Structure formats: structure tokens, C-alpha cells
Amino acid sequence: MGLSEQKVSLNGRRIMIASYVEEVAAQPKTASLRKSFPSADTDYMGGKSDGLVYESNFAGKDLTATYEMICAFLKEEGYQDVPLPANVEELLQFRLATRNRQVLLFEDNGYVHNPVKILFPLDGRKKSTLILKLYNEAAEQHLLRFHNKLEEKNE
């Protein structure tokens, strides 16, 4: 048993909510997303996978916090060897400077380095949100899919 506490404001007064919770032993993570890519229609760590692409939205208090969350996630999931922008200022240089939404439908608006895409949302109001897409490197025609050169057949 352990004590969990949360500090909140109620009618302008700071209060602490405490509760006793049973501690669950932390289980070591056995496989990373990169080594064991989630199968189709799988939810994993707040994101979704179709077996070919894993996608998750990250949102922090500001863009710097969001980018740091993505970097930590990538490191934990086995993508530490993929080159990434050094900081959020460098990441912002990959943002497309266009207001033409048609262009944004065909180009990746953000940082792209196989198998990772860190994209800015099309909705410019979400200033602290980033979209992370990870591509399954073991999938057939992976590079064509990653570079948006593969036309998916809809049946």
C-alpha cells in the first residue's frame, strides 16, 4: 500500500487529495515497439496501429514539452539511433510555410527520417500538438509507403 496525493484548487483554495493505493510492481518492458510492431487494429500507449503505421498524437503544455515527450518515447521504443532535430527550434524549421491546405495534403508537414515522422497538425490552432508516425520497417514495400509513393488499394 502507498499514499497517492494530488494538489488541486477548490474555490481559489489549494487543497490536497490523498488516497491509499496498492502499489503495483513495475514490470520490466520486454519488447520495444520497433522490435515487436503492433498488429492491425491495435491500441498501444495511446496510439493506434494498422500493422503498417503506428500513429499517436502528443500534446504538452507547450511545443518544447511535447517534443521532449516524443524524444523520450522514441528512445524507450527502440528508435534512439534515428537522427532527430536537436531541439524544438530546429524542428520548427521543417514546418512547411504554406497556407495552402491542398499542398499540405500531399506533403509531410514536419520532420521525416525513415521510419519516423514528426508532423505538425493541419489545424494551426493546436500549437502544442505534434503527430508521431512510426512505420513498420518489416512490412512489404515499407519505403514506398513511408515516402507516400505507394497507392493503397481500397476494395
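Hi everyone, let me start with one ring: Phe-94 is partly exposed, at 35% relative accessibility. Keep in mind throughout that this is a predicted model. The partner of that ring is Tyr-111, and the two form an edge-to-face aromatic pair, with 4.9 Å between centres and 80° between the planes. Where do the two residues of this pair sit in the chain? Phe-94 is in the loop between α2 and α3 (101-106), while Tyr-111 is in strand β6, and 17 residues separate them. Tyr-111, unlike its partner, counts as buried, because its relative accessibility is 8% and the cut-off for buried is under 20%.

Staying with rings for a moment, Tyr-135 and Phe-146 also make an edge-to-face pair, at 5.1 Å centre to centre and 80° between the planes. Tyr-135 belongs to strand β8 and Phe-146 to helix α4, so this pair ties together parts eleven residues apart in sequence. Are Tyr-135 and Phe-146 buried or exposed? Both are buried. The count of aromatic pairs comes to five, and there is also one aromatic cluster, made of Tyr-44, Tyr-54, Phe-58 and Phe-73.

Now to the sheet. It is open and has six strands, in the order β3-β4-β5-β8-β7-β6, with antiparallel pairing. Which strands are at the edges? Those are β3 and β6 (110-113), each of which pairs on one side only. From one strand to the next, the twist averages 15°. If you want one pairing to look at on screen, try β4 (residues 47-50) with β5: they pair in the antiparallel sense over two bridges. Lys-48 stands opposite Glu-55 of β5 there.

Lying across β3, β5, β7 and β8 is helix α1, which runs at about 20° to β8. That brings me to the core. In soluble globular proteins, nonpolar side chains tend to be buried together. Here, the largest nonpolar core has 21 residues, and Ile-118, Leu-132 and Leu-134 are those with the most contacts inside it. Which elements each supply at least two residues of this core? They are β5 (53-59), α1, α2, β7 (116-119) and β8. The one that gives the most is α1, with five residues.

Let's zoom in on Leu-132. Setting aside neighbours within four places in sequence, Leu-132 is in contact with residues including Tyr-54, Phe-58 and Phe-73, and these three also belong to the aromatic cluster I mentioned. Other contacts of Leu-132 include Ile-70, Leu-74, Val-116 and Ile-118. The list is not purely nonpolar, by the way: Glu-55, Ser-56 and Lys-117 are among the contacts too.

Lys-117 is a nice bridge to my last topic, charge. Side chains of opposite charge can pair when their charged atoms come close. How many salt bridges does the structure hold? It holds five. In one of them, Lys-117 pairs with Asp-108, and their closest N and O atoms are 2.9 Å apart. Lys-117 is buried, with a relative accessible area of 0%, whereas Asp-108 is partly exposed at 23%.

Then there is a small network: salt bridges with shared partners join Arg-34, Asp-81 and Glu-137. Let me take the two links in turn. Asp-81 forms a salt bridge with Arg-34, the closest N and O atoms being 2.5 Å apart. This pair links distant parts of the chain, 47 residues apart: Asp-81 is in the loop between α1 (63-76) and α2 (88-92), and Arg-34 is in the loop between β2 (13-21) and β3 (40-44). The side chain of Glu-137 meets that of Arg-34 in a salt bridge as well, at 2.8 Å from N to O. Here the separation is 103 residues, with Glu-137 in the loop between β8 (129-135) and α4 (142-146).

How accessible are these three residues? Asp-81 counts as exposed because its relative accessibility, 55%, lies over the 50% cut-off. Arg-34, at 24%, counts as partly exposed, and Glu-137 is partly exposed too, at 36%.

So, to leave you with a picture: a six-stranded open sheet, helix α1 lying across β3, β5, β7 and β8, a nonpolar core of 21 residues, and a salt-bridge network joining Arg-34, Asp-81 and Glu-137. Thanks for listening!

Methods
Residues numbered from 1 in each chain as written. Predicted model: local features only at pLDDT ≥ 70, side-chain atom pairs only at ≥ 80, totals over all residues. Heavy atoms only, no water. Salt bridge = Lys/Arg side-chain N within 4 Å of Asp/Glu carboxyl O. Helix = DSSP H or I, 4+ residues; strand = E, 2+ residues; numbered from the N terminus. Buried < 20%, exposed > 50% of the residue type's maximum accessible area, 1.4 Å probe, protein only. Core = buried A, V, L, I, M, F, W, Y, C linked by side-chain atoms within 4.5 Å. Contact = heavy atoms within 4.5 Å. Pairing = 2+ DSSP bridges. Axes fitted to C-alpha atoms, helices over the stretch in contact; angles between N-to-C directions. Phe/Tyr/Trp six-rings, centres within 6.5 Å; stacked < 30°, edge-to-face > 60°.
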